Amino acid sequence: VPEGASVFIDNRKRGVTPCIVPDLPAGVHEVRAEKDGFDPVTRKVEVAPGFKDEIRLVLLSSTGELELDVRPAGVRVALDGKQLGVTEEAGTSSSATKPIRVGGLAPGRHIVTVSHPRAHPESREVEVEIEKGKLTRPRVIDVWIANCEIKYTDGRVETGTLFEESSNSIYFGPEPGIKYEIKRSDLEYVKRLEAAPPAEKKEP
């Protein structure tokens, strides 16, 4: 039994684990243990006069866990409308991020929302299924984010993804699935953008 479980004997609460119940009359008694996040367990035990006995009850988790791998860094992640935080670089590679883990989830369908002001689309939802007593690891959630701003010599400004660059040209994509070459001579500048989204404004 995990610590902190409520112990009932014959439907009367007698303590919290680990606990000792003294002066229990001899005979058959119903012992029940309960704790939030676990399935309750009940067992009938027979107490002999003048003897002490130890009872071990196994409580199984009634909830599940979720581990999310959302890329790249700087993406806001929410679960069922509740903010979990912003993805952070893992340091092992330029694209890897630290996993986000959540426990105590009710079994069934849950909605993960990923968002970034420069993402395309800016926000999207991913459905996950949680199983009781298990850790769910869905597929990696990749978010397309504009990582640079370019300005053409004619004054046009665009944001998008910078794939490659050399002294003569860059390979640029203004949205997912598009990639083309632009000559440096056609550009006034190429500016990289920070991955982290702006801080959310707090209401006074």
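**Close-up views of the predicted model**

**Figure 1. Strand β14 and its two partner strands.** In strand β18, Y189 is the bridge partner of K151. The model shown here and in the other views is a prediction, in which local features require pLDDT of at least 70 and side-chain atom pairs count only at pLDDT 80 or more, whereas totals for chains, interfaces and linings use all residues. Residues are numbered from 1 along each chain as its sequence is written, and side-chain values use heavy atoms, with hydrogens and water left out. Strands (E, at least two residues) and helices (H or I, at least four) are DSSP runs, numbered from the N terminus; two strands pair if DSSP finds at least two bridges between them. Strand β14 (residues 148-152) is largely enclosed by the rest of the structure, because 4 of its 5 residues are buried. Buried means under 20% relative accessible area, exposed over 50%, and partly exposed in between (1.4 Å probe, protein chains only). β14 pairs with β18 (residues 187-192) in the antiparallel sense through 5 bridges. With strand β15 (residues 157-165), β14 shares 4 bridges, and these two strands also run antiparallel. E149 has T159 as its bridge partner in β15. The connection between β14 and β15 is a hairpin with 4 residues between the strands, and G155 in the turn has a positive phi of about 100°.

**Figure 2. The open sheet β9-β5-β12.** Strands of a sheet pair through backbone hydrogen bonds, either parallel or antiparallel. The order β9-β5-β12 describes an open sheet of 3 strands with mixed pairing. The edges are formed by β9 and β12, each with a single partner strand, so one side of each lacks a neighbour in the sheet. Between β5 and β9, 4 bridges join the strands in the antiparallel sense; L68 stands opposite I100 in β9.

**Figure 3. T136 in strand β12.** T136 belongs to β12 (residues 135-136) and is buried, at 16% relative accessibility. Its side chain reaches the backbone oxygen of E129 at 3.4 Å. A polar contact is a pair of N or O atoms within 3.5 Å; within protein, one must be able to donate a hydrogen and the other to accept it, and residues adjacent in sequence count only if both atoms are side-chain atoms. Neighbours within four places in sequence aside, T136 is in contact (heavy atoms within 4.5 Å) with E65, L66, E67, E129, I130 and E131.

**Figure 4. S6 in strand β1.** S6 is part of β1 (residues 6-9) and counts as buried, with 16% relative accessibility. A polar contact of 3.5 Å links the side chain of S6 to the side chain of K13. Beyond the four nearest places in sequence, S6 is in contact with K13, G15, R32, A33 and E34.

**Figure 5. The largest nonpolar core.** A nonpolar core is a set of buried Ala, Val, Leu, Ile, Met, Phe, Trp, Tyr and Cys residues joined through side-chain atoms within 4.5 Å. The largest one has 17 residues, and those with the most contacts inside it are L66, L68, V70, V112, V114 and V143. Two or more residues come from each of β5 (64-68), β7, β9 (100-105), β10 (108-115) and β11 (123-130). β9 provides the largest share, 3 residues. Residues up to four places away in sequence not counted, V70 touches V75, V77, T87, T97, V114, I141 and V143. Apart from the largest core lies another, of 9 residues, including A5, V31, V41 and L57.

**Figure 6. L79 in strand β7.** L79 lies in β7 (residues 76-79) and is buried, with a relative accessible area of 7%. Leaving out neighbours within four places in sequence, L79 is in contact with L66, L84, V102, L105, H110, I111 and V112. The C-alpha atom of L79 is separated by 34 Å from that of P18, which is 61 residues away along the chain.

**Figure 7. The aromatic pair F172 and Y180.** A pair of aromatic rings is described by the distance of the centres and the angle of the planes. Rings of Phe, Tyr and Trp (its six-membered ring) pair if their centres lie within 6.5 Å; planes under 30 degrees apart count as stacked, over 60 as edge-to-face and the rest as tilted. The structure holds 1 such pair. F172 and Y180 are edge-to-face, at 6.2 Å centre to centre and 65° between the planes. F172 is buried, with a relative accessible area of 0%, whereas Y180 is partly exposed at 31%.

**Figure 8. Cysteines C19 and C148.** C19 is partly exposed, with a relative accessible area of 33%. C148 is buried, at 0% relative accessibility. With a disulfide defined as a pair of cysteine sulfur atoms within 2.5 Å, the count is 0 disulfides.
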